[in-house]
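Here are my notes on the model you sent round. Please read them with the structure open.

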Amino acid sequence: MLDMLHDLFWWSSRNVALIFGGATFFVWAANQWATHDDRRHVDALGVSLMFCVSYLLTNTLEMTMGWPDMIAWLPFLDATLCAMVYFNWRRHPKPWKAVVVAALVGQLALHFAATVLWKTDQLSFSGTLLYATLINGLYAVQLFANGSVGVGHGLGRLFAARRDRRRLAVVSGHVE
């Protein structure tokens, strides 16, 4: 029974990794478009690019080192991301950066707890599931906060285009 649960966990984690890979790429693409249209969004593009690099490094660590040995390296990666976003937030405060920093601090706390439990042989299978679920949830919060910049910009442009199109129809109706 435990082997079946273990196999189910790793099968679902591969699918979750693919979904998060697509979401990470989507956030980068949305912020790339927003930055191309308006240079004020360059911070969001930089953070989304860091998320792409983090995603690739995390999956590379998982493939090369395996579980749970990779847990030892994740705090260094997340601490670097947290410091970069934090110092950027201090210079240019935006609410989405504060959310990303808070989620990264939460991830650091989870990494610490998981590492302590792992090194003391107290990390159970259910603890591993909880750890993975919470880490994925916090990563989703980071993607949502960072992606809100590009998606928000895109929606703003879409509504502006629709408004301008209606205004053009009204103006052209008065001209005739």
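1. A term first. A helix here is a DSSP run of H or I, at least four residues long, and helices are numbered from the N terminus. The model is predicted, so please read every value below as computed from it.

2. Start in helix α1, residues 2-37. F25 and W28 both sit there, 3 residues apart, or about one turn of the helix. An α-helix has 3.6 residues a turn, so residues three or four places apart point the same way.

3. How many aromatic pairs does a search of the whole structure find? The count is 6. F25 and W28 make one such pair, and its geometry is tilted: 5.6 Å centre to centre, with 35° between the planes.

4. Is F25 buried or exposed? F25 counts as exposed, because its relative accessibility is 51% and the cut-off for exposed is over 50%. W28 has 25% relative accessibility, so W28 counts as partly exposed.

5. Next, a pair between helices. F51 and Y139 meet edge-to-face, at 5.9 Å centre to centre and 80° between the planes. F51 belongs to helix α2 and Y139 to helix α5 (residues 125-175), so this pair ties together parts that are 88 residues apart in sequence. F51 and Y139 are both buried. With F20, they form one aromatic cluster.

6. Helix α2 covers residues 42-65. Does its length agree with its residue count, and why? At 1.5 Å a residue, its 24 residues should span 34 Å, and the end C-alpha atoms are 34 Å apart, so the two agree. The expected span takes 1.5 Å times one less than the number of residues.

7. Which residues of α2 are buried? Hydrophobic names such as L45, V47 and L61 are on the list, and so are S48, N59 and E62. Others there include A44, M50 and C52.

8. S54 deserves its own point. S54 lies in α2. Its relative accessible area is 7%, so S54 is buried. Leaving out residues up to four places away in sequence, S54 touches L77 and L81.

9. Look just past the end of α2. There G66 takes a positive phi of about 85°.

10. One last ring contact. K119 lies over the face of W118, at 4.1 Å from the ring centre.

How values were computed: Residues numbered from 1 in each chain as written. Predicted model: local features only at pLDDT ≥ 70, side-chain atom pairs only at ≥ 80, totals over all residues. Heavy atoms only, no water. Helix = DSSP H or I, 4+ residues; strand = E, 2+ residues; numbered from the N terminus. Buried < 20%, exposed > 50% of the residue type's maximum accessible area, 1.4 Å probe, protein only. Contact = heavy atoms within 4.5 Å. Phe/Tyr/Trp six-rings, centres within 6.5 Å; stacked < 30°, edge-to-face > 60°. Lys NZ or Arg CZ within 6 Å of the ring centre and 35° of its normal.
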